[in-house]
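Me: I'd like to learn how to read a ligand site and a few backbone features in a model like this one. Could you walk me through it?

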Amino acid sequence: MPATRPGARGAVVSGWGTALPEKVITNDELAATMDTSDEWIVARTGIRERRIGGSTVGLAVEAGRQAIEMAGLDPARIDGVVLATTSPDEQWGNAALVQNELGMRCGAFDVNAACSGFMYALITAHGMIAMGADRVLVIGAETLSRITDWDDRGTAPLFADGAGALVLESCEGPGQLLAWELDADGSALSILRSDVGGPIKMEGKEVFRRAVRIMVDSAQKSMRHAGVTADDIALIVPHQANIRIIDAACERLGIERERAAVVLDRTGNTSSASIPLALADALDHGRVKNGDLVLLVGFGGGMTAGSCILRWGGGLDA
Ligand code: COA
């Protein structure tokens, strides 16, 4: 799949925002209600605490508002809202609720590709800009706590709530997106699934095994399409599911862990929100400068995977 076509209208990120519920649940608090321990959860997942609460639309609105403010935009000038979520409040129209709440007048739609959702939404938004939109708000937002079985120690320690958002704006020149890759394999749906309404059911070991493989495969394809190598990547922003998955993927890709953005110790797995939350954290800590190559890579139920290479700032003033 594709390297961005030469001459396609480009985009850059002009703002970002995040939202996390106030309520923190530590591993010790979980261990008070189920047969687990802080030691086990930290050793097997890297997660120390997670945030629970709010609504998917409410978190999306908060993250989106921050991103629009940072971009310095009048919401009425935004041309589209793409909301990735696998835990919607409503069966449809969640993006439209965000659009209305933030005072936008534009197309708005939901995307569900499980934990790869933000990658699918981000690539779609770049496509909208290539086809003439000027400004698109891309959000990943989840309240997975509502579809988690709180009696299942195999899943309850992992999943949590949150949101992250980016504003994309059209720009002169080729823009930031050098290459991308989206993948899906419906034959593996059953190992990580949720009937409508939940709860999440998972064969953890099998998901782990495949996750490392499909993340590495997707990232390698994006790097190849972009004509870059692991050495060129300044920051990798992986889906935040398990620190051991991130470690294994980084090792196989030849990218040192110091170059990875990690927030899962504080957030748990927030599905569609995890990549924008980790990216925003890295940006807020000044870890990315114009011209840097950033590799985003996610995987999730379906099973789905997605990755892309961004040249931060679009490269014009690098
Ligand atoms: N606390 C304590 N013990 C637990 C436990 C918990 N929360 N969950 C499972 N165990 C036990 C198991 O019962 C098992 O005990 P046994 O050896 O007596 O049978 C032992 O720990 C090992 O279980 P296992 O499932 O093999 O552990 P694991 O090392 O594979 O870790 C996961 C489990 C879920 C953390 C891990 O498989 C994982 O992260 N998988 C990927 C999940 C993922 O990324 N999902 C989201 C995709 S978007």
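Me: By class, how many nonpolar, polar and charged residues does the shell around the ligand have?

Reply: Happy to help, and keep in mind that this is a predicted model. A shell is read by sorting its residues into classes. Here the shell has 11 nonpolar residues, eight polar ones and five charged ones. In total 24 residues surround the ligand, and the closest are Thr 36, Arg 44, Arg 153, Lys 205 and Asn 242.

Me: Which polar side-chain atoms lie close to an oxygen atom of the ligand, such as that of Asn 242?

Reply: For polar contacts, look for pairs of N or O atoms within 3.5 Å. Asn 242 has a polar side-chain atom 2.7 Å from a ligand oxygen, and Arg 153 places one 2.9 Å from an oxygen atom of the ligand. On the nitrogen side, an N or O atom in the side chain of Trp 40 is 3.4 Å from a nitrogen atom of the ligand. As for cover, the ligand on its own has 960 Å² of accessible area, and the protein covers 72% of that.

Me: Which pocket does the ligand sit in, and which elements give two or more residues to the shell?

Reply: The ligand occupies the second largest pocket. Two or more shell residues come from each of α2 (38-45), α6 (204-226), α7 (243-253) and β12 (293-300). Of the elements, α6 contributes the most, with four residues.

Me: How many salt bridges does the structure hold?

Reply: The idea is to look for a side-chain nitrogen of Lys or Arg within 4 Å of a carboxyl oxygen of Asp or Glu. There are 14 in this structure. One of them pairs Asp 89 with Arg 146, with their closest N and O atoms 3.4 Å apart. This pair links distant parts of the chain, 57 residues apart: Asp 89 is in the loop between β4 (80-84) and α4 (94-101), and Arg 146 is in the loop between β6 (135-143) and β7 (161-171).

Me: Where is a peptide bond cis, with omega near 0 degrees?

Reply: Read omega for each peptide bond in turn. The bond from Gly 198 to Pro 199 is cis, with omega near 0 degrees, and Pro 199 lies in the loop between β9 (192-194) and β10 (200-202). Another cis bond joins Gly 302 and Met 303, where omega is about -10 degrees. Met 303 belongs to the loop between β12 and β13 (304-311).

Me: Which residue other than glycine has a positive phi near 50 degrees?

Reply: Phi is read residue by residue. Ala 114 has that value, and its place is the loop between β5 (107-111) and α5 (117-130).

Terms used. Residues numbered from 1 in each chain as written. Predicted model: local features only at pLDDT ≥ 70, side-chain atom pairs only at ≥ 80, totals over all residues. Heavy atoms only, no water. Near = heavy atom within 4 Å. Polar contact = N/O pair within 3.5 Å; in protein donor to acceptor, adjacent residues only side chain to side chain. Areas by Shrake-Rupley, 256 points an atom, 1.4 Å probe, with all protein chains shown as cover. 1 Å grid on protein atoms, 1.4 Å probe; cavity = no way out; pocket = protein on both sides within 12 Å on 5 of 7 lines; lining within 4 Å. Sits in = over half its atoms within 2 Å of the grid points. Nonpolar A, V, L, I, M, F, W, Y, C, P; charged D, E, K, R; others polar.
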